[in-house]
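The following report walks through a protein model for a reader who is meeting it here. It begins with a pocket and then turns to the fold and its interior.

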Amino acid sequence: MALDTPHKTPAATGNGGRGTHQRPILRTPRRRRGRLWVKVIVALLLIIEIYPLVWMFLTSLKSNSDYLNNSTWSLPTHWEWGNYSEAWTTGHIGLYIQNSLLAVLPALALMLLLGTAAGFALQIMVWKGRSFTLLIFLTGMMVPAQMILLPLFTIYFQTGLSGTLWPLILTYTGTGLPLTVFMMATYYKSVPRELFEAATIDGAGILRAFWTISIPLVRNAILTVGLVQFFFIWNDLLIALTFTNSQDLRTIQVGLLNFTGDFGATQYGPLFAAICLNVFGTLVIYLFLNQKVMKGLTSGAVKG
């Protein structure tokens, strides 16, 4: 019967006959305008992010004369797909990528292993002086890398490590360890200590609690820290340029400096092709691990 008596609706809703069911109708245009602005802003951001990648790819398909004589924003006159094969063979970009992987992956593995173990010891284990130890790790973040290059170069030369990739591996591990320890210690704050207390009561030792309990709980955090550190050391130029003294040891960032032809002229087509291989390769890695990174960034936000 209530549905058949529309004259009761104003009295039931109050406010002078203005029912609450009318408010969403009045606010709908505003919400649509707000959503439209959001879509416009997102579209502009996508253009700002994507357009340089498109321009870089199109430039990699230009010849050297096309790049120098025509407008920077023009399309290629002839699509030079051979620039990629030239960058891979003549430019030795494959060797540079291999050297980067051989230097970055061992350093990243050591960094994550030592940093995760240190974060576990500083936050989960109870021992005297752990706050001071964490402070020492934090002071390592304040030391500029430029200050330690000359002493490290002398040490590596005297110990016979020059001419190998070990200077890069050791330097990347040492420079990235303070930030890794700090971030892992922060993530361990969100892990309930009751889990480790229960494991101790059940007879689990420190090593077992670390490997079987803590590692699965912070695996997203480890992946996030590892990805951040991977991009840092993969894009490094200063350290790699200092400790690589031959072409066979150059990493990809150092190798991009050597795309020159006769009389020092830069080969822009193969150079941009090599840059595309570098940028799009790391971009694919990030897009593939994006969801894991988001989970890792939020896992340490709330302590539960």
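## The largest pocket and its surroundings

In this predicted model, the largest pocket holds about 440 Å³ of space. Its lining is made up of 18 residues, and those that lie nearest the centre of the pocket are G140, V143, A145, T175 and G176. Helices α7 (145–158), α8 (166–188), α11 (219–234) and α12 (238–243) are the elements that give two or more residues to this lining, and α8 gives the most, with six residues. By character, the lining of the largest pocket divides into twelve nonpolar residues, five polar ones and one charged one.

## The protein as a whole

The protein has 15 helices and zero strands, and of its 304 residues 33% count as buried. About 19,000 Å² of the protein is exposed, with carbon and sulfur atoms supplying 67% of that area. When contacts between residues at least 6 apart in sequence are considered, 71% of them join residues at least 24 apart.

| Property of the protein | Value |
|---|---|
| Residues counted as buried | 33% of 304 residues |
| Exposed area | about 19,000 Å² |
| Share of exposed area from carbon and sulfur atoms | 67% |
| Space in the largest pocket | about 440 Å³ |

## The nonpolar interior

The largest nonpolar core has 52 residues, and the members that touch the most other members are L168, Y172, M184 and Y188. Helix α5 (residues 93–123) gives the most to this core, contributing nine residues. Apart from this core lies another one, of seven residues, including A118, L122, L177 and V181.

Which residues does Y172 contact, leaving aside its neighbours within four places in sequence? The partners of Y172 are A103, A107, M111, I233, D236, I239 and A240.

A103, one of these partners, has its place in helix α5. Because its relative accessibility is 1%, A103 counts as buried, the cut-off for that label being under 20%. Leaving aside neighbours within four places in sequence, A103 is in contact with L168, I169 and Y172. Although A103 and P167 are 64 residues apart in sequence, their C-alpha atoms are 9.0 Å apart in space.

Methods: Residues are numbered from 1 along each chain as its sequence is written. This is a predicted model: local features need pLDDT of at least 70, side-chain atom pairs count only at pLDDT 80 or more; totals for chains, interfaces and linings use all residues. Side-chain values use heavy atoms; hydrogens and water are left out. Helices (H or I, at least four residues) and strands (E, at least two) are DSSP runs, numbered from the N terminus. Buried means under 20% relative accessible area, exposed over 50%, partly exposed in between (1.4 Å probe, protein chains only). Contact means heavy atoms within 4.5 Å. Accessible areas come from the Shrake-Rupley method with a 1.4 Å probe; for residues, only the protein chains shown count as cover. A nonpolar core is a set of buried Ala, Val, Leu, Ile, Met, Phe, Trp, Tyr and Cys residues joined through side-chain atoms within 4.5 Å. On a 1 Å grid over the protein atoms alone, a cavity is a set of points where a 1.4 Å probe fits but cannot get out, and a pocket is an open set with protein on both sides within 12 Å along at least five of seven lines; lining residues have an atom within 4 Å of a point. Grid points are joined across faces, edges and corners, and a volume is the space filled by probe spheres set on the points. Ala, Val, Leu, Ile, Met, Phe, Trp, Tyr, Cys and Pro count as nonpolar, Asp, Glu, Lys and Arg as charged, and the others, Gly among them, as polar.
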